[in-house]
Every structure is written in structure tokens, then in C-alpha cells.
Amino acid sequence: MDELIEKIRDPMLRAQAEKVAAFHGYLSPGALVGIQMFNIARKMLNLSSCERIFVTSETCNCLPDPFQVLAKATVGNKGLKIEDLGKMAVTINKVGLAGCRTQAVRIVLDPAKTKRFPRLHAWFMKSCKVSHDEVVSILLEAGESVYTWEAFELEVPERPRKKIAICEGCGESFIQMESEPLCKTCLEPSNNREPSPSNNPSLEDLLCPRS
Ligand SMILES: [Zn+2]
């Protein structure tokens with residue numbers, strides 16, 4: 001995999017791949033997809049090198065990490081939101097004043113376009129096993145040609161005032177939305193701490209995640 005990174009001719013893309021590989025563990029296909037999406041967004045939104053952005057990733061697999069390490073849009077600084085819809089798609093928007101409109105772009109890895117690269121398409125559709133190295137090589141060759149994006153404007157929401165309350169059920173403090181007396185854990189029995197089997201990754205996912 002390191003050899004693959006060394007072969008990347010564009011020095012900026014190579015430096016990005018090195019940073020992401022160090023952060024993510026290795027350059028997975030999904031992490032490379034995230035890098036390529038970030039670069040499309042930089043162009044579409046005319047972003048300066050250290051401009052703050054907001055990112056909504058539609059999958060929790062690999063894709064969010066390049067934005068955390070390259071754009072400093074992290075879960076903790078609220079630059080990154082994950083809506084796990086199981087889609088290789090991301091929406092990026094510029095910072096704007098609450099109530100004002102700001103530029104955004106939604107980018108998807110487009111199955112109608114990956115079809116032109118049968119092995120990449122097979123990996124994307126999980127129809128057969130394709131090695132990560134092979135997928136990374138194809139993605140590098142395909143570049144932007146496998147993505148579809150749409151620019152639009154969105155309204156920056158007002159930031160709600162944080163109100164802290166003590167839960168009448170468990171006695172712990174929590175961020176209160178309205179004037180509900182119970183925290184979310186006590187309000188919804190499904191929020192108990194039992195691990196859900198469906199959330200546990202399979203051995204296959206651990207050894208060889210799709211992206
Ligand atoms: Zn509680």
C-alpha cells in the first residue's frame with residue numbers, strides 16, 4: 001500500500017494520501033474516495049487552504065476520516081456530522097452566519113459512472129472480492145470521473161441555546177431540548193447500554209471493511 005502512495009504523481013494528492021493513511025491506519029478505498037470528494041468540494045466551493053467547512057457524511061465507513069485530518073472538520077468540533085444512511089455520499093458547506101445562505105455541494109460516488117470500471121464497480125456493489133490495492137489504483141486512474149455532484153445553497157440554522165438540566169430519573173446532568181424532565185437514556189428504553197448485535201462489526205468487516 002505504501003508503494004501505491006509513492007506512485008501517486010500529483011504531489012498534493014500524495015501528501016494528502018500520506019496524512020490520511022497515517023490517521024486512518026492505511027489508505028482504504030473509502031478513505032481515498034473521501035480525499036477525492038474533498039478535492040472536488042475545494043474546487044466547487046473555491047475553498048482556501050485552511051477555510052473551515054461543515055461536512056455531513058452519509059456513511060460512517062472510512063469516508064469521514066479524510067475530512068477530519070485534511071479539513072479539521074471533526075466530530076468533536078461539530079465540523080463533521082455523520083448520518084449513517086449507508087451511502088458513499090457527502091455534503092460540504094462553507095461557514096455562514098446563522099439565518100444567511102451559504103454555498104454547499106453534495107457529492108456521490110455514482111454507480112452509473114463506476115460501471116465504466118468493472119472491477120471498481122464490483123467492489124462498490126460488493127458483488128465480488130476485489131483487493132484494496134486494486135480498487136485504490138482504479139480510483140486514482142478514474143479521478144473525478146466516477147463522481148456526480150450538485151452545488152446548492154443552504155440556510156445556516158440558528159444555534160440553539162444550550163440548557164443543562166438534572167435528569168429526574170438518573171440524577172445526571174444532560175442538555176435539555178425543551179423542558180423534558182428525563183434525559184434521553186431514561187426517556188427511551190432502547191437507549192440502554194446493552195450492545196446491539198447489529199452494531200457489532202462482523203469478523204469479515206474487521207478484517208476487510210468494504211471501504
Ligand atoms: Zn436520566
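In the predicted model, Val90 stands opposite Ile107 of strand S4. This pair belongs to the antiparallel arrangement of S3 and S4, which is held over five bridges. The two strands form a hairpin with six residues between them, and Gly99 in the turn adopts a positive phi of about 90 degrees. S3 also runs antiparallel to S1, to which it is joined by five bridges; within that pairing, Ile92 of S3 is the bridge partner of Val55. S3 is mostly covered, five of its six residues being buried.

Val55 recurs in the largest nonpolar core, which comprises 37 residues; together with Leu27 and Leu32, Val55 is among those with the most contacts inside this core. Two or more residues are contributed by each of the helices H2 (11-24), H3 (29-44), H4 (64-70), H6 (118-124) and H7 (132-142), and by each of the strands S1 (53-57), S3 (89-94) and S4 (101-109). The greatest contribution is that of H3, with seven residues.

Attention turns to Pro66, which lies in helix H4. Pro66 is classed as buried because 30 other C-beta atoms lie within 10 Å, against a threshold of 20 or more. When residues up to four places away in sequence are left out, the contacts of Pro66 are Val20, Ala31, Gly34, Ile35 and Phe38. Of these contacts, Val20 is separated from Pro66 by 46 residues in sequence, yet the C-alpha to C-alpha distance is 5.7 Å.

Note on methods:
Residues numbered from 1 in each chain as written. Predicted model: local features only at pLDDT ≥ 70, side-chain atom pairs only at ≥ 80, totals over all residues. Core = buried A, V, L, I, M, F, W, Y, C linked by C-beta atoms within 7 Å. Buried ≥ 20, exposed ≤ 12 C-beta atoms within 10 Å, placed from the backbone. Helix = DSSP H or I, 4+ residues; strand = E, 2+ residues; numbered from the N terminus. Pairing = 2+ DSSP bridges. Contact = placed C-beta atoms within 7 Å.
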